[in-house]
Amino acid sequence: MDKSEGCCSVQLIDGDGIYNVSGIDHFIKEVKLGECGLSYAVVSIMGPQSSGKSTLLNSLFGTNFMEMDAFKGRSQTTKGIWLARCAGIEPCTLVMDLEGTDGRERGEDDTAFEKQSALFALAISDIVLINMWCHDIGREQAANKPLLKTVFQVMMRLFSPRKTTMLFVIRDKTRTPLENLEPVLREDIQKIWDSVPKPEAHKETPMSDFFNVEVVALSSYEEKEEQFKEQVASLRQRFMHSIAPGGLAGDRRGVIPASGFAFSADQIWRVIKENKDLDLPAHKVMVATVRCEEIANEKFSHFISNEDWRKLDEEVQAGPVSNFGKRLTSILGSCLSEYDGEATFFDEGVRSLKRHQLQEKLLQLVNPAFQDVLGHIRFGMLEKFKASFDKALEIGEGFSSASTTWFKSCMAQFDEECAGAIVEQADWDTAKVRDKIVRDIEAHISSVRTSKLSELTSQYESKLHEALSEPVEALLEGANDETWRTVKKLHRRETESAVSGFSSALAGFDIEEEMRDKMVKSLQEYSRGAIESKAKEEAGRVLMRMKERFGTIFSHDSDSMPRVWTGNEDIRAITKAARSASLKLLSVMVVIRLGDETDNIEKTLTVALLDPTTSKKSITASDPLASSTWDEIPSSRTLITPVQCKSIWRQFKTETEYTVTQAISAQEANKRGSNWLPPPWAILALIILGFNEFMTLLRNPLYLGLLFVVFLLLKALWTQLDIPGEFRNGVVSGLISISAKFVPTVMNLLKNLAAEGQAPPAANPENRRPSNNTSSNASSSEHPPEHKSSSKTD
């Protein structure tokens, strides 16, 4: 028994098939396997000699199995069956390293031990690693197919079903994706299972009752050591808790307790040794298989390095290649002919099988280049169609005609070029690529059609919007009894005109009638939607429009001239007329009336908002505006609800009350301005009571002159301050305005008088121009002779 840090190994069965009873007992005690109960797992590996099985186990499980020294040549390393405990993996995991198959040390005929050891591994292992080369997938021997076939048959006959996981480890993985290799392996294993004669007890037993099949791939240990180690480390994680549900051996059955492992393994080996049905294929077939395989691999390698093939592949990578099919057919034919020449004398069945496998490998190798060629053809034809089709549309050719013509032309050329890329040795079909380019062209046509239809739709929608938006806004702004009737006529006329032109334009796009009708209906709906949108927009400004209409009617007379409040106007009647006009506008804006429906909304609003007896009636009757909907009017047509109308009217009256109040104040101020003289009795009282003062003035003319000057100054101030005009807006506002302007006006008069007195006298008095002094102008205009006379007198 061999020991190393963290690992213990023993030769379970020697090269002569002798079971090591004492060694296994000592091993079990050393690793304390008996204490594990059912919590342990057994892993084994099988595969060709010198395929790196021991190296894989040592890297994967930290064991110390003997490995082959590559510098000393390829020879048998592992003899018999060795057993070791994995280092650092829970639960306790035992690993069996089996002697490699097809070893020259045992000879070509002595292969019974190989079958016996394989069957033994399958019988006692929870997980069996099948080590195989990537390039051997599909080979009868290298992939262990005959061996597995025999093992399946004998195992069913000797043992009750035991769930075993077969993990196929593909070594030295090539560029071929694992997703492409795995289905081949699974299919081959299922075929082997189906072909194996089964006893009556297992006639209908599926393979899943005996085995779980898993496949992994590892890079080359010699060429990509770091990548190999990373992949092995990842694979190692799958063996942690492998017997737990969901693990590699999570659904195993018939587990022997760890304390009985040694006895159970001994009994199984005895049964296998006594079986006489385990025989390998005949020597002739084996030799033919190996030799034809070698020839095929050699020719495959020569093909890869073939200068003509490499040149052709480079040309394909660079761009389109003419006569690709003819050139590749010649290269493949030469390679297969060389194989036929060297494999002529071997077994015909094996020779044909290997030739077929070689051909499949070669075709698999060149298929990417073939696909690239088809890709170049497809791309070129698609670009040609796009350019030609777009150019045809630019010069004014009909959409349907241009798409049909160029589709047929490009597809005919595509078929011609695909025919030149076909390889005779392959039965590759270009239908998928053809279907793809058809889909691409149709997608482009659909994209262009969608774009053109979108542009066309936008064009007609823009025309409709331009034809409807401003006229509808103007009609709604001047709302009256004929507004919606006029809007309906406008809508009908513009919509029919747009639909006619739109339908004619759609005829050139070769679209289905259902889709055409749908687009026409959409345009009609857009037309109606444009009007509804504008109506909603105007409804949002209805209060402003009502105030504008009220102000226009209230502040202007029937001739549209600004109204001057002289005191003779009937403000109550004017106010009622202005409010009635505003209410008319509100009633027009309440709902959308594009149909033939009639309503009593205007009457309802008039009764509820203008009728002076409404407030009295509301005490005993329900309010017609205390609702969120109009009678027999759907919500889709409603712009302003009854409750909103009531609120708008209340706000409207509040905001227009000031205008009415100002008009009333102006009338009162005008009346006061017309009657500024005191009453006759006051004048008589002034004459009687002021008689003495009047006589005093007559006795002293100087007082009379001073009084005259004061009169002139007061007259100038009266004119400058426009006292009658200031009091038209009310007494309070007149006093405030006069008090603000009084002092500046007095200062301006004094300044002008001072300037007049300092001016030099003119030579010709007749040529003197009147002063800018406002008081002088006023006095001269009122009493020019008196002014001159008084000046001379002074």
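**Figure 1. Residues 276–284, a low-confidence stretch of the predicted model.** Across residues 276–284 of this predicted model, pLDDT stays under 50. The model has 16 contacts beyond four places in sequence for this stretch. Where pLDDT is low, the predicted coordinates should not be read in detail.

**Figure 2. Residues 762–794 and helix 27.** Residues 762–794 also have pLDDT under 50 throughout, and the model has 24 contacts beyond four places in sequence for them. Helix 27 (residues 784–793) has a mean pLDDT of 35, the lowest among the elements of the protein. The highest mean, 91, belongs to strand 4 (residues 81–85). Over the protein, pLDDT averages 79, and 83% of the residues score at least 70.

**Figure 3. Helix 7, residues 261–274.** The 14 residues of helix 7 should span 20 Å at 1.5 Å a residue, and the end C-alpha atoms are 20 Å apart, so the expected and modelled spans agree. Buried residues of helix 7 include Phe261, Ala262, Ser264 and Ala265. Further along helix 7, Asp266, Ile268, Trp269 and Ile272 are buried as well. An α-helix has 3.6 residues a turn, so residues three or four places apart point the same way.

**Figure 4. The largest nonpolar core, with Phe324.** This core has 105 residues, and Phe324 and Leu605 have the most contacts inside it. Helix 11 (residues 348–394) gives the most to this core, with 16 residues. Leaving aside residues up to four places away in sequence, Phe324 touches Leu312, Val316, Ala369, Phe370, Val373, Gly420, Ala421 and Val423.

**Figure 5. A separate nonpolar core.** Apart from the largest core lies another, of 56 residues. Val42, Phe168, Leu185 and Met207 are among the residues of this second core.

**Figure 6. Cys134 and Cys335.** Cys134 has 8% relative accessibility and Cys335 has 6%. Both values fall under the 20% cut-off, so Cys134 counts as buried, and so does Cys335. A search of the whole structure finds zero disulfides.

**Figure 7. The whole protein, for reference.** The protein contains 27 helices and eight strands. Of its 794 residues, 41% are buried. Among contacts between residues at least 6 apart in sequence, 73% join residues at least 24 apart. The protein exposes about 43,900 Å², of which carbon and sulfur atoms supply 53%.

Methods
Residues numbered from 1 in each chain as written. Predicted model: local features only at pLDDT ≥ 70, side-chain atom pairs only at ≥ 80, totals over all residues. Heavy atoms only, no water. Disulfide = S-S within 2.5 Å. Buried < 20%, exposed > 50% of the residue type's maximum accessible area, 1.4 Å probe, protein only. Core = buried A, V, L, I, M, F, W, Y, C linked by side-chain atoms within 4.5 Å. Helix = DSSP H or I, 4+ residues; strand = E, 2+ residues; numbered from the N terminus. Contact = heavy atoms within 4.5 Å. Expected span 1.5 Å × (residues − 1). Areas by Shrake-Rupley, 256 points an atom, 1.4 Å probe, with all protein chains shown as cover. pLDDT = per-residue confidence, 0-100.
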